[in-house]
Amino acid sequence: MSAPRFGAGQHVTVRALGKTGHVRIPAYIRRRRGVVVQYCGAFLNPEELAIGVTSGPVVDLYRVEFRQSDLWPDGGHAPDDRLVIEIYEHWLEAA
């Protein structure tokens with residue numbers, strides 16, 4: 001197995017792939033920039049598992065941190081408020 005594409009501290013942007021169905025990526029996070037905080041391992045793709053495909057290649061999973069004030073500018077969030085979400089690699093690109 002190859003090394004993970006992204007490392008802790010690396011800035012990434014969440015892609016908007018235009019997929020329908022069970023995708024595990026909320027709309028509010030798409031096209032947003034965050035920072036990888038942890039590599040979680042490689043797992044079967046949950047988008048495939050949701051439609052009954054229980055085999056195939058594994059996909060790297062990362063924890064990515066976003067400033068809440070960047071996601072919701074009018075939300076009155078404190079500067080240190082963060083959201084951490086797990087995102088599979090095919091949804092990420094280097095920022």
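1. Before turning to Asp80, a word on terms: helices and strands here are DSSP runs, helices (H or I) of at least four residues and strands (E) of at least two, numbered from the N terminus. With that in hand, Asp80 falls in the loop between α2 (68-71) and β4. Keep in mind throughout that this is a predicted model.

2. Now the overall picture. The chain has two helices and five strands, and going along the sequence they come in the pattern β-β-α-β-α-β-β. The C-alpha trace spans about 45 × 30 × 15 Å along its principal axes. Of the 95 residues, 29% are buried. The accessible surface of the chain is about 5700 Å², with 49% of that belonging to carbon and sulfur atoms. If you take the contacts with a separation of 6 or more, 63% are between residues 24 or more positions apart.

3. On to the sheet. The five strands make an open sheet, ordered β4-β3-β2-β1-β5, with antiparallel pairing. At the edges stand β4 (82-88) and β5 (92-94); each has a single partner strand, so one side of each is left without a neighbour in the sheet. On average, neighbouring strands of this sheet are turned by 40° against each other, direction ignored. As a reminder, strands of a sheet pair through backbone hydrogen bonds, either parallel or antiparallel.

4. Strand by strand, the pairing goes like this. β1 and β2 are antiparallel and pair over three bridges; to find your place, Val12 has Gly34 in β2 as its bridge partner. Between β2 and β3 there are eight bridges, and these strands run antiparallel too. Here Ala42 is partnered by Asp60 in β3. Strand β3 (residues 58-67) then pairs with β4 over seven bridges, again in the antiparallel sense. A handy marker for that pair is Arg67, whose bridge partner in β4 is Arg82.

5. Back to Asp80: is this residue buried or exposed? Asp80 has a relative accessible area of 65%, so it counts as exposed, the cut-off for that being over 50%. From C-alpha to C-alpha, Asp80 lies 7.4 Å from Arg67 in space, with their positions 13 residues apart in sequence. Arg67 is the residue already met as the bridge partner of Arg82.

6. Asn45 deserves a look as well. It sits in the loop between β2 (33-44) and α1 (46-49). Its relative accessible area is 12%, so Asn45 is buried, given that buried means under 20%. What does the side chain of Asn45 reach? The partner is the backbone nitrogen of Glu47, at 2.9 Å. Leaving out residues up to four places away in sequence, Asn45 touches Pro57, Val59 and His90.

7. Last, please check Arg31. Its phi is near 70°, a positive value in a residue other than glycine. For context, most residues other than glycine have a negative phi. Where in the chain is Arg31? The residue is in the loop between β1 (11-14) and β2. With a relative accessible area of 65%, Arg31 is exposed.

Methods
Residues are numbered from 1 along each chain as its sequence is written. This is a predicted model: local features need pLDDT of at least 70, side-chain atom pairs count only at pLDDT 80 or more; totals for chains, interfaces and linings use all residues. Side-chain values use heavy atoms; hydrogens and water are left out. Two strands pair if DSSP finds at least two bridges between them. Axes are lines fitted to C-alpha atoms, for helices over the stretch in contact, and angles run from 0 to 180 degrees between N-to-C directions. Buried means under 20% relative accessible area, exposed over 50%, partly exposed in between (1.4 Å probe, protein chains only). A polar contact is a pair of N or O atoms within 3.5 Å; within protein, one must be able to donate a hydrogen and the other to accept it, and residues adjacent in sequence count only if both atoms are side-chain atoms. Contact means heavy atoms within 4.5 Å. Accessible areas come from the Shrake-Rupley method with a 1.4 Å probe; for residues, only the protein chains shown count as cover.
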